[in-house]
Amino acid sequence: DFDHKANNQYGKALMTQKTEARSEFAKTRTIAEQRKSLPVYGVKEEFMDLLREHNVIVAVGETGSGKTTQLTQYLHEAGYSVNGQIGCTQPRRVAAVSVAKRVSEEFGCELGTKVGYSIRFEDCTNDTTIIKYMTDGVLLRETLFEPDLDRYCAVIMDEAHERSLNTDVLFGVLRQVVARRHDFKLIITSATMDSDKFATFFGNVPVFTIPGRTFPVDTLYARTTAQDYVDAAVQQAIAIHVGQGVGDILIFMTGQEDIEATCVLLADRVSQVGEDVPPMLILPIYSQLPSDMQARIFESSEKRKVIVATNIAETSLTVDGIKFVIDTGYCKLKLYNPKMGMDSLQITPISQANANQRRGRAGRTGPGAVWRLYTESAYIAEMLTMTIPEIQRSNLANVVLLLKSMGVKDLLSFGFMDPPPQDTILNSLFQLWMLGALDNLGDITAVGNKMAQFPLDPPLSKMLLQGEEIGCSSEVMSVVSMLSVPSIFFRPKDRAEESDAARDKFFVPESDHLTLLNVYQQWTSNGYSAKWCTDHFVHQKSLKKVREVRGQLEEIFQQQKLHVNSVGNDWDLVRKAICAGYFHNSAKLRGIGEYVNLRSRIPAHLHPTSALYGLGYTPDYIVYHEVMFTVKEYMQTVTAVDAHWLSEMGPMFFSVKESSSDFHSKQRQEAEERRQMEYQQQLRDDLDRAAKQE
Ligand code: ADP
Ligand code: MG
């Protein structure tokens, strides 16, 4: 549905330009030459001079100007690293790993030695590491154990414009670090937007602009917004492939599922176009993709590359040679619903700022074009100017627990650049109190302090601690580790039935969590065998990862002097521990196979991949790990629980209706209700007081 005349004219113009393919460009130049050709190289001296005079600098530059890969190395070359490590934070795991790999190549060392990375559950550094890339979450955790970050001489907070939750919290924490340490350099980098805000927040620090070079990009809008953006994107990619000159294509999708669908559909359609159509190289990129597959987007190729990406390719990763961008106009965002007290990933329209970043990817090495699969009026009238920072739209329980364990008593006086909504803070405090991590005054408890030691969401760490208390921490640890990796079960399209049958054999009737435990234990007792994995249609890579994660949880157990204990085959206790972390996510059977969420009263459904669904077992009460919204609300990873457990562990929500003469239980219930109301009131009072003081 595009204006095809414009397209064709544009195509001709491009073809006459006979632009050099980037593969040649990269091959014929050494790494040193490539480094020198980056825009940041031209202003290196100026930048380093400014850094000598100021401890904090905001550096702004177009994506691809060399901020992420070069600034760390410049700091090292200037000698800062004699006083400690140079850290660089990334909001995304993929970016941390990919960039570290690139820089280790530039540096001429093996990854994990002088240049390394650290992401949750995966530390690829050693004691010789000078330059360390990491997720912002990892650095935030490090401040828990080392409040002044003494091991670092400098930190680069990269991609600050992303305003990820952890970055926003780090802003507050690092502002205190720079106030205390005068031998510490902090560089905040951003792709243009928001830079003055950052500079003001850190006390009017200088903003350094890296001059960019960009080429004009034609913007083409759809006449009507696409109904099926996967299909529309595939059609557009083929139109470009057939009708346009040299240049790679970048398609922005929302997540793994539609990326995979796009790749399959595109491969299929392109083979149908005709025999004389040259082949294309279709490359997906998303966070859960194995890292060797991720690296392929950077390899040079004779064929036209079509990269299908999440918004990771918006600013975090730069692939040279992109000339055509197809923008679906959507991304996946974590949204928090304070009423229901939970986060969910939802497909959401992007902001204008995102759209323009996406367009910019087409104009890095020469003029290009972007096809927006939405209308111009949608862009103008329906899109927000900028995405709302994550801190204002996600669950803060994790962050609140971390800050509380760092000794921050009053969350409102903590220096947030954009404070989260009061309701969200209240809700997080409530959730932590409900899990026993905070006491009635909102102070952290002994359990809360233990929970904060784990790089896990509070319900998961609660589940672990409860498991320890009732003697099944070993089993719970396996469950938690299994939950930390995606897709254990392998389901090849051509062997769907066979693989489904293999999966069904693992089913534990009353629980998906226990089904996961079952898989893990069988793999263990089969000597971690690769053949066993293939035979049973499970991903060996994922299981290996589970084993690693489990090892790290065990280490934390040892450090915390917690016991690794096992209940053998008595898995009812394991379900009880699961209930202790997840009683707030519970549902009750309402009709045949239909559940209703116990707190929100919203209908909830068993996911078709659930063991309970598969075996047709519908217990009265269940807890679930998370919900997924598609056409319906689906509960993911479900476990049957006893009604008594719910009332025992979540007395603030549930009570078992005994006969009315049961005076004691009624009294207890009333007391609990009172306690809950008092607590909520107390929180409100505290927050009001703090707000007045501001
Ligand atoms: P910025 O952070 O300013 O967006 P980067 O430092 O990430 O820029 O990228 C600078 C250049 O380094 C990119 O234009 C690209 O050519 C190159 N580059 C970055 N990562 C890789 C990689 N993994 N493989 C090959 N080249 C890369
Ligand atoms: Mg960067």
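Start by selecting residues 586-591, which are strand β17, and 621-629, which are strand β20: the two pair in the antiparallel sense over 3 bridges. One thing to keep in mind as you click around is that this is a predicted model. To find one of the bridges, pick serine 586 and look across to its partner in β20, valine 623.

Keep β17 selected and add residues 594-597. That's strand β18, which runs antiparallel to β17 and is joined to it by 4 bridges. Here, lysine 588 has valine 596 in β18 as its bridge partner. Now zoom in on the turn of this hairpin, where 2 residues sit between the strands. Which glycine takes a positive phi there? Glycine 593 does, with a phi near 65°.

Next stop: two helices. Select 229-243 for α10 and 256-273 for α11; they pack at an angle of about 40°, and their axes are 9 Å apart. Angles from 65 to 115 degrees would be roughly perpendicular and those under 35 roughly parallel, so α10 and α11 count as oblique to each other. The crossing of α10 past α11 is right-handed.

Show the side chains where they meet. On the α10 side you'll find residues including Val230, Ala233 and Ile238, and on the α11 side residues including Asp258, Leu265 and Arg269. Sorted by class, this contact has 11 nonpolar, 2 polar and 2 charged residues.

Last, select ligand 1. How many residues are around it? There are 17, and Lys67, Thr68, Thr69, Arg102 and Phe298 come nearest. Colour α5 (67-77) and α6 (93-107) too, since each supplies at least two residues of the shell. By class, that shell has 10 polar, 4 charged and 3 nonpolar residues.

How values were computed. Residues numbered from 1 in each chain as written. Chains lettered and ligands numbered in written order. Predicted model: local features only at pLDDT ≥ 70, side-chain atom pairs only at ≥ 80, totals over all residues. Near = placed C-beta within 6 Å. Nonpolar A, V, L, I, M, F, W, Y, C, P; charged D, E, K, R; others polar. Axes fitted to C-alpha atoms, helices over the stretch in contact; angles between N-to-C directions. Parallel < 35°, antiparallel > 145°, perpendicular 65-115°, else oblique. Left-handed = near helix turned anticlockwise from the far one by under 90°. Contact = placed C-beta atoms within 7 Å. Pairing = 2+ DSSP bridges.
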